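Please open the structure in your viewer and keep the selection tool at hand. This tour proceeds from one selection to the next and states what is to be found at each stop.

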Amino acid sequence: MLLIDDRENPKIINKVVMRMGDAKLDDKGEAQVVRMKSADYRFADWGIEAKEINDLYRSIMGYGRSRTIVDQLRDLEREVENPFLVV
């Protein structure tokens with residue numbers, strides 16, 4: 001089951017759910033949109049924080065953010081066994 005944070009880009013959410021199926025609507029669905037404390041995606045014991053390059057820059061600098069990338073990755077490391085940052 002792939003968990004997708006509900007704050008992720010709606011276009012990406014829709015593409016993933018269309019391809020994998022919505023677990024809330026179909027027993028065979030393999031994706032579910034939920035609110036997660038950390039990570040944009042989770043699969044088993046993997047947690048993935050996905051960043052576009054501009055988003056990564058803003059997260060590093062703290063522009064328009066309540067938390068920097070360091071805070072986000074620290075939370076991710078606490079929450080999952082295998083944390084990943086994907087740019």
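## First stop: the ends of helix 1

Begin by selecting G21, which follows just after helix 1 and takes a positive phi of about 90 degrees. Please keep in mind throughout that the model is predicted.

Next, move to the other end of the helix and select N9 together with K11. Helix 1 covers residues 10-20, and N9 caps its N-terminal end. A side-chain oxygen of N9 lies 2.8 Å from the backbone nitrogen of K11.

## Second stop: D5 in strand 1

Select D5, which belongs to strand 1, residues 2-5. Is D5 buried or exposed? Its relative accessible area is 2%, so D5 counts as buried.

Now display the surroundings of D5. Apart from neighbours within four places in sequence, the residues in contact with D5 are I13, V34, R35, M36, A39 and D40.

## Third stop: salt bridges

The next selections concern charged side chains. How many salt bridges does the count give? The total comes to 9 salt bridges.

Select R42 and E79 as one of these pairs: their side chains meet in a salt bridge, with 3.7 Å from N to O. R42 is in strand 3 (residues 41-43) and E79 is in helix 3 (residues 69-79), so this pair ties together parts that are 37 residues apart in sequence. Switch on the surface to compare the two partners. R42 is buried, at a relative accessible area of 17%, whereas E79 is partly exposed, at 37%.

Remain in helix 3 and select D75 and R78. Their side chains form a salt bridge at 3.3 Å, N to O. What separates D75 and R78 along helix 3? The two are 3 residues apart, which means a separation of about one helical turn. D75 is buried, with a relative accessible area of 13%, while R78 is exposed, with a value of 61%.

Then add K37 to a selection of R42 and E79: salt bridges that share partners join these residues into one network.

To finish this stop, select E49 and K51. Their closest N and O atoms are 3.6 Å apart, and the two residues form a salt bridge. E49 counts as buried at 7% relative accessibility, and K51 is buried as well, with a relative accessible area of 6%.

## Fourth stop: aromatic pairs

Hide the charged side chains and display the aromatic rings. The structure holds 2 aromatic pairs.

For one of them, select W46 and F84. Their ring centres are 4.8 Å apart and the planes stand at 40 degrees, an arrangement described as tilted. The pair links distant parts of the chain, since W46 is in strand 4 (residues 46-50) and F84 is in strand 5, 38 residues apart. W46 is partly exposed, with a relative accessible area of 41%, and F84 is partly exposed too, with a value of 33%.

Now select Y57 and Y63. Their ring centres are 6.0 Å apart and their planes stand at 65 degrees, so this pair is edge-to-face. Y57 is partly exposed at a relative accessible area of 46%, and Y63 is partly exposed at 44%.

## Fifth stop: a nonpolar patch

Return to W46 and F84, and add F43 and V86 to the selection. With the surface displayed, these residues form a nonpolar patch, with about 380 Å² of accessible area together.

## Last stop: N82 in strand 5

Strand 5, in which F84 lies, also holds the final selection. Choose N82, whose strand covers residues 82-86. N82 is partly exposed, with a relative accessible area of 26%.

Which residues are in contact with N82, once neighbours within four places in sequence are left aside? They are D45, W46 and G47. W46 will be familiar from the tilted aromatic pair with F84.

To close the tour, draw a line between the C-alpha atoms of N82 and R42. These residues are 40 residues apart along the chain, and their C-alpha atoms are separated by 9.8 Å. R42 is the residue already visited in the salt bridge with E79.

Terms used:
Residues numbered from 1 in each chain as written. Predicted model: local features only at pLDDT ≥ 70, side-chain atom pairs only at ≥ 80, totals over all residues. Heavy atoms only, no water. Salt bridge = Lys/Arg side-chain N within 4 Å of Asp/Glu carboxyl O. Helix = DSSP H or I, 4+ residues; strand = E, 2+ residues; numbered from the N terminus. Buried < 20%, exposed > 50% of the residue type's maximum accessible area, 1.4 Å probe, protein only. Polar contact = N/O pair within 3.5 Å; in protein donor to acceptor, adjacent residues only side chain to side chain. Contact = heavy atoms within 4.5 Å. Phe/Tyr/Trp six-rings, centres within 6.5 Å; stacked < 30°, edge-to-face > 60°. Patch = residues over 30% accessible without salt bridge, like charges linked within 9 Å, V, L, I, M, F, W, Y side chains within 5 Å. Areas by Shrake-Rupley, 256 points an atom, 1.4 Å probe, with all protein chains shown as cover.
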